[in-house]
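User: Hi! I have a structure open at my bench and would like to talk it through with you. Could you take my questions one at a time?

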Amino acid sequence: MSDIVIYFSRAGENYFGGELKNIEKGNTEVIAEFIQEFTGADLFKVEPEVEYPEDYMECIEIAKKEEQMNSRPKIKESLEGLEGYDTVYIGFPNWWGTLPMPMFTQLEQLDFTGKVVKPFVTHEGSGFGKSIKDLSKLCVGADIKKGLSIPGSEVYNVKDTVGLWIEE
Ligand SMILES: Cc1cc2nc3c(=O)[nH]c(=O)nc-3n(C[C@H](O)[C@H](O)[C@H](O)COP(=O)(O)O)c2cc1C
């Protein structure tokens, strides 16, 4: 049996400790790749059919509306199933207190019965927000383990922490 990392991450303009910066690789993706290095897990990136704007302010407005409307944005490709995987790492940025809505689109399509789920989030101060509560509804039948919460500006400094969390 093997592991998989299902994640969302957006490159482009983002806030780091009050400053806008352009990043080529999203923060959550950095952590997803550490997990792959440690475990050999497959990576599955959830990507919206209509990409979010690179402009931070435009992006947060769209994301806010999607969250308020509880929408399910279409995604480019769906992961069909979890057969062959026992541990499922689920990674995402905190967007308005929970997972970006395209993650809802993907996770609702999967059967989590009997799977171990290890959630991780990157954020700018709110940690997991209400995402763990939302994940417990999205991953029915899964054993959801303790999550790992990382400030977005710290992702390149926490490789060891990620390794220890995997072993927990
Ligand atoms: C649309 C949007 C909404 C966000 N909402 C929050 C929030 O509610 N709380 C928080 O701590 N950070 C929030 N952030 C900051 C991100 O969670 C943080 O920068 C994260 O590390 C981005 O990950 P990524 O580069 O993998 O997309 C938000 C960022 C965006 C773009």
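User: Thanks! Which residues does Arg72 touch, not counting residues up to four places away in sequence?
Analyst: Happy to help, and please keep in mind that this is a predicted model. Arg72 is found in the loop between α2 and β5. Setting aside residues up to four places away in sequence, the residues that Arg72 touches are Met101, Phe104 and Thr105.

User: Is Arg72 buried, exposed or partly exposed?
Analyst: The count to look at is that of C-beta neighbours inside 10 Å, which is 13 for Arg72. A buried residue needs 20 or more, and an exposed one has 12 or fewer. Arg72 therefore counts as partly exposed.

User: What distance separates the C-alpha atoms of Arg72 and Leu135?
Analyst: Along the chain, Arg72 and Leu135 are 63 residues apart. In space, their C-alpha atoms are separated by 15 Å.

User: Let's move to the strands. Which strands pair with β1 in the parallel sense?
Analyst: Strand β1 covers residues 2–7, and six bridges link it in the parallel sense to β5, residues 85–93. Within that pairing, Asp3 has Thr87 as its bridge partner, and Ile6 stands opposite Ile90. A parallel pairing over four bridges also joins β1 to residues 42–45, with Phe44 as the bridge partner of Ile6 there. The strands you asked for are β5 and β4.

User: What is the handedness of the crossover from β5 to β6?
Analyst: β5 and β6 (residues 116–123) run parallel and are joined by seven bridges; in β6, Lys118 is the bridge partner of Tyr89. Between these strands the chain passes through helix α3, residues 101–107, making a β-α-β crossover. That crossover is right-handed.

User: Now the ligand. Which elements give two or more residues to the shell around it?
Analyst: The ligand is surrounded by 21 residues, and the closest are Gly26, Thr28, Pro93, Thr122 and Gly152. Counting the elements that give two or more residues to this shell leads to α1 (27–39), α2 (56–68) and β6.

User: How many of the shell residues are nonpolar, polar and charged?
Analyst: Here the shell around the ligand is sorted by residue class. Glycine is put with the polar group in this sorting. The result is six nonpolar, twelve polar and three charged residues.

User: Gly26 is on your list of the closest residues. Is Gly26 buried or exposed?
Analyst: Gly26 is found in the loop between β3 (19–23) and α1. Leaving out residues up to four places away in sequence, Gly26 touches Ser9, Arg10 and Ala11. Gly12 is 14 residues away in sequence, with 7.6 Å between its C-alpha and that of Gly26. Because 22 other C-beta atoms lie within 10 Å of Gly26, and 20 or more are needed, Gly26 is buried.

User: Where is Asn70, and is Asn70 buried or exposed?
Analyst: Asn70 has a positive phi of about 50°, although it is not a glycine. Its place is in the loop between α2 and β5. With 8 other C-beta atoms within 10 Å, and 12 or fewer being the cut-off, Asn70 is exposed.

User: What about Trp96: is Trp96 buried, exposed or partly exposed?
Analyst: Trp96 has a positive phi of about 50° although it is not a glycine. The loop between β5 and α3 is where Trp96 sits. It has 17 other C-beta atoms within 10 Å, so the count falls between the limit of 12 or fewer for exposed and that of 20 or more for buried. Trp96 is partly exposed.

User: Let's finish with the whole protein. Why is it as compact as a globular protein of that length?
Analyst: The protein comes to five helices and eight strands, in the order β-β-β-α-β-α-β-α-β-α-β-β-α from the N terminus. Its C-alpha trace spans about 40 × 35 × 25 Å along the principal axes. For 168 residues the globule rule gives 15 Å, and the protein is as compact as a globular protein of that length because its radius of gyration is close to that, at 15 Å.

User: What share of the contacts between residues at least 6 apart in sequence joins residues at least 24 apart?
Analyst: Buried residues make up 35% of the 168 residues in the protein. For contacts between residues at least 6 apart in sequence, the share that joins residues at least 24 apart is 81%.

How values were computed. Residues numbered from 1 in each chain as written. Predicted model: local features only at pLDDT ≥ 70, side-chain atom pairs only at ≥ 80, totals over all residues. Pairing = 2+ DSSP bridges. Right-handed = clockwise from strand over helix to strand, strands pointing away. Near = placed C-beta within 6 Å. Rg over C-alpha atoms; globule rule 2.2 N^0.38 Å. Contact = placed C-beta atoms within 7 Å.
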